[in-house]
Amino acid sequence: MNAITSAAAIRTVHVPLGERAYDILIGPGLIARAGAEIALRLKGRKAAVVTDENVAPLYLKALVASLDEAGIASAAVVLPAGEKTKSFEHLMTVCDKVLEARVERNDYVIALGGGVIGDLSGFAAGIVRRGVRFLQVPTSLLSQVDSSVGGKTGINSRHGKNLIGVFHQPDLVLADTDVLNSLSEREFRAGYAEVAKYGLIDKPDFFAWLEANWKAVFAGGSARIEAIAASCQAKADVVVADERENGQRALLNLGHTFGHALEAATAYDSSRLVHGEGVSIGMVLAHEFSARMNLASPDDARRVERHLKEVGLPTRMSGIPGDLPPAETLMDAIAQDKKVKSGRLTFILTRGIGQSFVADDVPASEVISFLREKRA
C-alpha cells in the first residue's frame with residue numbers, strides 16, 4: 001500500500017482536552033509512517049521505545065526505521081510479555097532506560113505493544129522528570145479501542161489490578177490496523193469484548209450493529225476500522241466529560257469490577273484468563289446482577305451472553321480453566337477495587353442494553369450471595 005493510499009484510509013478521532021488535546025489516528029500502515037506523523041505534530045528528537053518480547057520481532061525494526069527517517073533518535077526497551085510485567089521491578093527498568101537515553105521533557109516515551117506495555121510505559125512517562133511526552137502505538141485490539149486512550153496508566157499490586165498509577169494523557173495515538181492481522185483469534189476476541197462494551201454502556205444502536213456485523217469486524221477492512229473509530233470516539237467523549245473519573249467515566253468499567261476480581265483469582269495467569277475474557281464474563285454478570293436487583297429484564301442479560309458467546313468469548317465463571325477460590329475471596333478482591341468509595345461498593349449496573357449507570361452503595365450481602373450462586 002503506498003503512502004497516498006494509506007493516508008486516504010486514515011480515520012482521525014480528536015480528544016479535545018485543552019492543552020492536553022491529542023489525536024487518535026486509525027488505519028493501515030501507521031507504524032511505517034509513525035516518524036512522519038510524530039514530526040508533523042511534535043518537536044522532540046529523542047525517544048525511548050518500550051515494547052515486549054512478542055511485539056519486538058514483528059514491529060520494532062519498522063518503527064525505529066520510521067523514527068530514524070524523521071530524525072528522531074531512539075533507544076529500545078524490550079520487556080517480558082504478559083500481565084505480570086506490570087510491576088515495580090519492570091517500572092524501574094523502564095525509568096532507568098528512559099533516563100539513560102537522556103530523554104528530556106519534550107522528548108517521548110513510545111509504547112509499542114498492548115495494554116500491559118501501554119499502562120506501564122505511560123506510568124513511567126508520567127513520573128520520569130515529573131512527566132515527559134507519551135505516545136501510544138497500540139498493537140492489540142483491546143489497546144487500540146480502550147487502554148491507549150484516556151490517560152490511565154499504572155501497574156498491579158498484590159492487592160489488585162491497576163491500583164498504583166497516575167493519569168498521564170498521551171500526546172498522540174497511532175492505531176495501525178494492519179498489526180491486528182498478526183493477533184491470535186483469542187487475542188482478537190478478547191479485544192472485541194471492549195468494543196461490545198461501548199454499545200452496552202450507552203449506544204444500543206452500536207451494539208445492534210455489532211450483532212449484525214461482527215463477522216465483518218473480525219474479517220478486517222472497513223468494518224473493522226469503523227468499529228475501532230466508533231469505540232475510540234465513545235471513549236473520547238466520556239474522557240472529555242470526566243477526565244479523572246470523578247463521575248460518569250466510571251461507566252467505562254462496565255464488567256470490570258467482576259472481571260478484575262476473576263483476573264486476581266487466577267493470579268493473572270493468561271493461560272487461564274486474559275483481561276478481555278474477564279470483562280466478557282463480567283459484563284454478563286453485571287447484566288445478570290442488574291436483573292437480580294429488578295433493575296433490568298433477564299432477557300437483556302441473555303441477549304448479551306448470546307452475542308458474546310457467538311463470537312467465541314467466555315461468559316461464565318465455569319468456563320475458566322482450573323479451580324476458582326470461594327466467593328468470599330472474590331468479594332475481597334472486589335472490596336479492593338478502585339471503584340470502592342468510602343468503603344461502599346460501587347458497581348456499573350444497567351437498566352437495559354445501552355442503559356448503564358453508576359450504582360453507589362450496592363449491598364455487599366447481595367453481591368456475595370450472587371457470587372456464591374454463580375460460582376456454584
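These notebook entries record what I looked up in a predicted model.

**Entry 1: the annotated binding site.** I began with the UniProt record, an unreviewed entry. It places the feature "binding site" at G115, V116, I117, G118, D119, T139, S140, K152 and K161. I chose two of these positions, I117 and S140, for a closer look.

**Entry 2: I117.** I located I117 in helix α5, which covers residues 115-127. I then asked whether I117 counts as buried or exposed. Its relative accessibility is 1%; because buried means under 20% relative accessible area, I117 counts as buried. Not counting residues up to four places away in sequence, I noted that I117 touches V50, T51, D52, L79, A111 and L112.

**Entry 3: S140.** I found S140 in the loop between β6 (133-138) and α6 (141-147). The relative accessible area of S140 is 15%, so this residue is buried. Leaving aside neighbours within four places in sequence, S140 is in contact with G113, G114, G115, L180 and L183. One of these partners, G115, is itself listed in the UniProt feature.

**Entry 4: the nonpolar cores.** I next looked up where nonpolar residues gather. In soluble globular proteins, nonpolar side chains tend to be buried together. The largest nonpolar core here has 75 residues, and those with the most contacts inside it are I24, I26, I38, I110, L112, L141 and Y192. Helix α9 (residues 222-241) gives the most to this core, with 10 residues. I also recorded a second, separate core of 25 residues, which includes L262, L285, L324 and V367.

**Entry 5: I38.** Which residues is I38 in contact with, leaving aside its neighbours within four places in sequence? I listed L67, I72, Y108, I110, L135 and L172.

Notes: Residues are numbered from 1 along each chain as its sequence is written. This is a predicted model: local features need pLDDT of at least 70, side-chain atom pairs count only at pLDDT 80 or more; totals for chains, interfaces and linings use all residues. Side-chain values use heavy atoms; hydrogens and water are left out. UniProt positions are given in the numbering used here, feature names are shortened, and annotations may be inferred rather than shown by experiment. Helices (H or I, at least four residues) and strands (E, at least two) are DSSP runs, numbered from the N terminus. Buried means under 20% relative accessible area, exposed over 50%, partly exposed in between (1.4 Å probe, protein chains only). Contact means heavy atoms within 4.5 Å. A nonpolar core is a set of buried Ala, Val, Leu, Ile, Met, Phe, Trp, Tyr and Cys residues joined through side-chain atoms within 4.5 Å.
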